[in-house]
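This note sets out points for a colleague who wishes to examine the model in detail. The points move from the chain as a whole to individual side chains and loops.

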Amino acid sequence: MYQRYFNFLKRKQIQLIIDELYRKPKSYLRLVKRFGGHMQYRKMINGSEQMKAEAYRLPPVYSYPDGLPVYFLTGKQFLYQTLFCIRSLTQLTDEKFKFILMDDGTFDTELNEIVAKLLPGAELVTLDTINQNLDTVLPLGKYPVIRQKRKVYNHLKKLTDIHTYKPGTNKLILDSDMLFWKEPVAVINWLKKPNGIIDIADSTQSYGYSTSLMEELCGFQLTPMLNVGLIGFNSAIIDWEKIELWIQTLENQEGTTYFLEQALTAMLVSCNRNERRLPKEEYIVNPSNKQVENQEGTLHHYVDLSKKPYFISAWKSLKAK
């Protein structure tokens, strides 16, 4: 027995050494290569650090109690991007907004003070409130899979934390890593008169699971190419018992994936059929360097390789306006 345990520990130690000396460096080198080499990668990282410093020097953006509600899941890693996204939106329209920030679990005194200074009037939903909502709507005894998955997979909080807050209301949720370049008239119209589901198209279908399994579970033809960077719908459409089953079945049959939250949302949308997809030439996910440089379209969602121009140049163009 002790020999087996010793062998287990030895194998684990060897595995850690392999990870540190081979797999992690190899993964890092692949990442750097994708972004054009070490110099370009460092330029991108330096740009993100500069963006963060500048974000905390931006002029305040006011949030209004009777404004159009816009939700963000944000925190220590993303607040500076949230601030730039909000500023890009409010610079382009005379509409008043109410910004609701959901604590992703990393807010502290410093971040609270930044929000109070730079987003006066914004609503910050604290972890205490979020946990109370979870215990009410998604009690651990009834939804053990959802609750456990939420602990290890932060993206699920865009569903669990936001949609257990004020259940039965319409919510427009934005990712932080986006910038608006024109007034988003269609989005504003939806906020004024919410009807059905509003969303955007991805640059490539990224669900992490087979279409056949997803369609088998939700019972409908799968909506293609959904990206959750901008999505609005009423929380009432979520059947949490289905979400519990879907997570368990998807992961049991096809494993875990970074795109689980996007897959679950696509299945929800597929079940509800009343979807309005915004034009992909205006709401651009993973814009090319040329699209970034020319500020094409209404919105850019900077995922994957478009992170590079986002951090190096895009936010600077916004700041210069």
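1. Helices and strands are named here as DSSP runs numbered from the N terminus, with at least four residues for a helix (H or I) and at least two for a strand (E). The structure is a predicted model. On that basis, the chain has 13 helices and 10 strands. Of its 321 residues, 47% are buried. Among contacts with a separation of 6 or more, 76% join residues that are 24 or more positions apart.

2. The loop between strand E7 (226–234) and H10 contains Ile237. This residue is partly exposed, because its relative accessible area is 24% and the partly exposed class lies between 20% and 50%. With neighbours within four places in sequence left aside, Ile237 is in contact with Ile197, Leu268 and Asn272. For one of these, Leu268, the C-alpha to C-alpha distance from Ile237 is 7.6 Å, at a sequence separation of 31 residues.

3. How many aromatic pairs does a search of the whole structure find? The search returns six. One of them joins Tyr71 and Tyr165 in an edge-to-face arrangement, with 6.4 Å centre to centre and 70 degrees between the planes. Tyr71 belongs to strand E1 (residues 68–74), whereas Tyr165 is in the loop between helix H7 (157–163) and strand E4 (170–174), so the pair ties together parts that lie 94 residues apart in sequence. Tyr71 is buried, at 4% relative accessibility, and Tyr165 is buried as well, at 8%.

4. The rings of Phe84 and Trp315 also make a pair: their centres are 5.6 Å apart and their planes stand at 70 degrees, so the arrangement is edge-to-face. Distant parts of the chain are linked by this pair, since Phe84 is in helix H3 (residues 79–90) and Trp315 is in helix H13 (residues 307–320), 231 residues apart. Both Phe84 and Trp315 are buried.

5. Tyr302, Tyr310 and Phe311 together form one aromatic cluster. Rings also meet charged side chains. The charged end of Lys96 sits over the ring of Tyr64, at 4.8 Å from the ring centre. Likewise, Lys149 lies over the face of Tyr153, 5.6 Å from the centre of that ring.

6. Two packed helices are described by the angle between their axes and the distance between the axes. For helix H9 (residues 211–218) and helix H10 (residues 240–254), the axes come within 11 Å and cross at roughly 150 degrees. The two are therefore roughly antiparallel, given that angles over 145 degrees fall in that class. The crossing of H9 past H10 is right-handed. On the H9 side, Leu213, Met214, Leu217 and Cys218 take part, and they meet Trp246, Thr249, Leu250, Gln253 and Glu254 of H10.

7. How are H2 and H3 arranged? They pack at an angle of about 65 degrees, with axes 9 Å apart, which makes H2 roughly perpendicular to H3. Their crossing is left-handed. The contact involves Ser48, Met51, Lys52, Glu54 and Ala55 from H2, and Tyr80, Gln81, Leu83 and Phe84 from H3. Phe84 thus appears in this contact as well as in the aromatic pair with Trp315.

8. Pro65 is located in the loop between helix H2 (38–55) and E1. Is this residue buried or exposed? Pro65 is exposed, with 75% relative accessibility. Pro65 and Ala122 are separated by 57 residues in sequence, and their C-alpha atoms are 8.4 Å apart.

9. Backbone geometry merits a check at two loop positions. Most residues other than glycine have a negative phi. Arg273, however, has a positive phi near 60 degrees. It is found in the loop between helix H11 (260–272) and strand E8 (275–277), and it is exposed at 52% relative accessibility. Gln295 also has a positive phi, near 55 degrees. This residue lies in the loop between helix H12 (289–294) and strand E10 (299–301) and is partly exposed, with a relative accessible area of 26%.

Terms used: Residues are numbered from 1 along each chain as its sequence is written. This is a predicted model: local features need pLDDT of at least 70, side-chain atom pairs count only at pLDDT 80 or more; totals for chains, interfaces and linings use all residues. Side-chain values use heavy atoms; hydrogens and water are left out. Rings of Phe, Tyr and Trp (its six-membered ring) pair if their centres lie within 6.5 Å; planes under 30 degrees apart count as stacked, over 60 as edge-to-face and the rest as tilted. Buried means under 20% relative accessible area, exposed over 50%, partly exposed in between (1.4 Å probe, protein chains only). A charge sits over a ring if NZ of Lys or CZ of Arg is within 6 Å of the ring centre and within 35 degrees of the ring normal. Axes are lines fitted to C-alpha atoms, for helices over the stretch in contact, and angles run from 0 to 180 degrees between N-to-C directions. Angles under 35 degrees count as roughly parallel, over 145 as roughly antiparallel, 65 to 115 as roughly perpendicular and the rest as oblique. A crossing is left-handed if the near helix is turned anticlockwise from the far one by less than a right angle, and right-handed if clockwise. Contact means heavy atoms within 4.5 Å.
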